[in-house]
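Hi,

Here is the structure I promised to pass on. Have a look at it first, then read my notes below.

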Amino acid sequence: MVKTRRIITTLLRLLALGATLSATVVMVTSHDSADVLNLKFSAKYTNSPTFKFYVIAEAIATGYSLIVLFLSSKSLVWRLIVILDVVIAMLLTSSISAALAIAQIGKKGNSHAGWLPICGQVPKFCDHVTGALIAGFVAAIVYLVLNLYSLHAVLSPLFPVKP
Amino acid sequence: MAPQSGTEKPMFGYGSISCKAKSRWSWTLVGLRLLAFLATAAAAVVMLLNKQTKTFVIATVGTTPVNLTLTAKFQHTPAFVFFVVANGLASIHNLLMVMVDLFGSKVDYKGLRFAMIAILDMLNVALVSGGANAAAFMAELGKNGNSYARWDKICDRFGRFCDRGGGALIASFVALALMLIISVISIVKVLKSNK
């Protein structure tokens with residue numbers, strides 16, 4: 001029983017690690033440039049502080065998942081890990097929602113503020129960012145599922161507290 | 001530990017923790033939840049009523065000026081709509097939890113009380129953090145613009161809108177910190193009661 005729980009949490013963490021890693025890498029490697037009316041229009045992830053925050057948050061989550069994966073059988077810190085999981089899940093959801101808000105403006109613009117969409121000029125950048133956002137969304141969902149599973153497993157009287 | 005009368009509530013299915021610690025912790029928790037409820041409700045209401053109308057003179061035809069009236073409302077931006085919805089839901093959750101803590105000792109939860117509270121607290125922390133961060137970065141965009149994408153800032157023209165939005169954001173971040181503390185306390189309660 002305990003082994004099943006360990007296997008499931010390790011699998012979930014591996015999945016989350018893959019998702020956050022791919023989100024970071026895809027966002028960092030996204031850039032495109034276009035020439036519009038003799039003006040060079042280049043789009044990189046550093047142009048927007050939101051995307052910089054996204055990369056930093058996903059990198060932190062990747063590092064955390066990596067460390068916890070290798071933390072296996074020490075049973076003293078597992079309660080701290082449950083609490084840190086909640087904090088990291090919160091970080092992931094906040095970074096993905098902020099990046100989604102800005103990406104939505106980049107795609108559709110905001111007519112009330114006079115902001116034109118930029119996806120028409122730099123389509124490759126937009127596609128890359130979309131891919132990174134999908135990976136980040138998957139990572140946030142996986143971390144939420146991991147948290148729910150940890151809480152459920154801790155609460156069931158059949159399982160001991162230490163996984 | 002021998003149960004004392006008055007302050008101990010029976011925990012269905014789990015062990016029991018000391019009574020003095022429970023009443024001190026539970027009153028702290030109720031107080032924190034009330035504060036978080038007030039903060040989320042204030043954030044939602046302030047952003048809901050956030051609106052500013054301004055008339056600009058854009059041209060003069062002969063002697064009559066041509067006016068253009070622009071309105072800044074929170075509905076124009078999906079991030080702010082999500083912010084209002086998230087804070088509204090979180091304030092309802094906090095109110096419900098305060099009611100459960102104060103008046104819910106007679107209801108039979110079938111041993112799931114701490115579990116449901118911990119899980120719901122965690123979900124609402126994620127919700128509020130998503131809403132607050134989306135609105136924060138949207139507000140940063142409105143304040144500074146983005147020269148690379150040729151997006152102008154709007155805070156120099158709609159100052160009151162930006163100020164009120166900033167106030168709502170501060171309230172929401174305070175609520176987020178409080179709700180994170182509450183969630184950690186709930187999880188610690190669950191972990192302790194399962195010893």
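What share of the 195 residues in chain B is buried? Buried residues make up 45% of them, where buried means under 20% relative accessible area, exposed means over 50%, and partly exposed lies in between (1.4 Å probe, protein chains only).

Before you go further, two notes on how to read this. It is a predicted model, so local features need pLDDT of at least 70 and side-chain atom pairs count only at pLDDT 80 or more, while totals for chains, interfaces and linings use all residues. Residues are numbered from 1 along each chain as its sequence is written, chains are lettered from A and ligands numbered from 1 in the order in which they are written, and side-chain values use heavy atoms, with hydrogens and water left out.

Chain B

Chain B has four helices and two strands. Helices (H or I, at least four residues) and strands (E, at least two) are DSSP runs, numbered from the N terminus. Going along the sequence, you'll meet them in the pattern α-β-β-α-α-α. A contact here means heavy atoms within 4.5 Å. Take the contacts in chain B with a separation of 6 or more: 72% of them are between residues 24 or more positions apart. The accessible surface of chain B is about 10000 Å², and carbon and sulfur atoms own 67% of that. Accessible areas come from the Shrake-Rupley method with a 1.4 Å probe, and for residues only the protein chains shown count as cover.

Where the chains meet

The size of an interface is often given as the accessible area lost when the parts come together. For this one, chain B and chain A bury about 3400 Å² between them, with 77% of it on carbon and sulfur atoms. Buried area is the accessible area (1.4 Å probe) that two parts lose on being put together, summed over both. More than any other three residues, B:Phe137, B:Trp151 and B:Leu191 add to what chain B buries against chain A, supplying 20% of that area. The contact involves 39 residues from chain B and 36 residues from chain A.

How many salt bridges run between chain B and chain A? The count is zero; a salt bridge is a side-chain nitrogen of Lys or Arg within 4 Å of a carboxyl oxygen of Asp or Glu. There are, however, six residue pairs in polar contact across the interface (both at pLDDT 80 or more). A polar contact is a pair of N or O atoms within 3.5 Å; within protein, one must be able to donate a hydrogen and the other to accept it, and residues adjacent in sequence count only if both atoms are side-chain atoms.

On the side of chain B that touches chain A, the elements giving two or more residues are α2 (78–103), α3 (113–144) and α4 (159–193) of chain B. The largest share, 16 residues, is from α3(B). Sorted by class, this side has 26 nonpolar, nine polar and four charged residues. Ala, Val, Leu, Ile, Met, Phe, Trp, Tyr, Cys and Pro count as nonpolar, Asp, Glu, Lys and Arg as charged, and the others, Gly among them, as polar.

Salt bridges

Side chains of opposite charge can pair when their charged atoms come close. Over all chains, the count comes to three salt bridges.

One of them joins the side chains of A:Arg13 and A:Asp85 (3.1 Å, N to O). A:Arg13 lies in helix α1 of chain A and A:Asp85 in helix α3 (residues 78–108) of chain A, so this pair ties together parts that are 72 residues apart in sequence. A:Arg13 is buried, at 4% relative accessible area, and A:Asp85 is buried too, at 1%.

In chain B, B:Asp101 and B:Arg33 meet in a salt bridge (3.7 Å, N to O). B:Asp101 is in helix α2 of chain B and B:Arg33 in helix α1 (residues 19–48) of chain B, so parts 68 residues apart in sequence are tied together. B:Arg33 also forms a salt bridge with B:Asp121, with the closest N and O atoms 3.1 Å apart. That pair links helix α1 of chain B to helix α3 of chain B, 88 residues apart. Through shared partners, B:Arg33, B:Asp101 and B:Asp121 form one network.

Cheers
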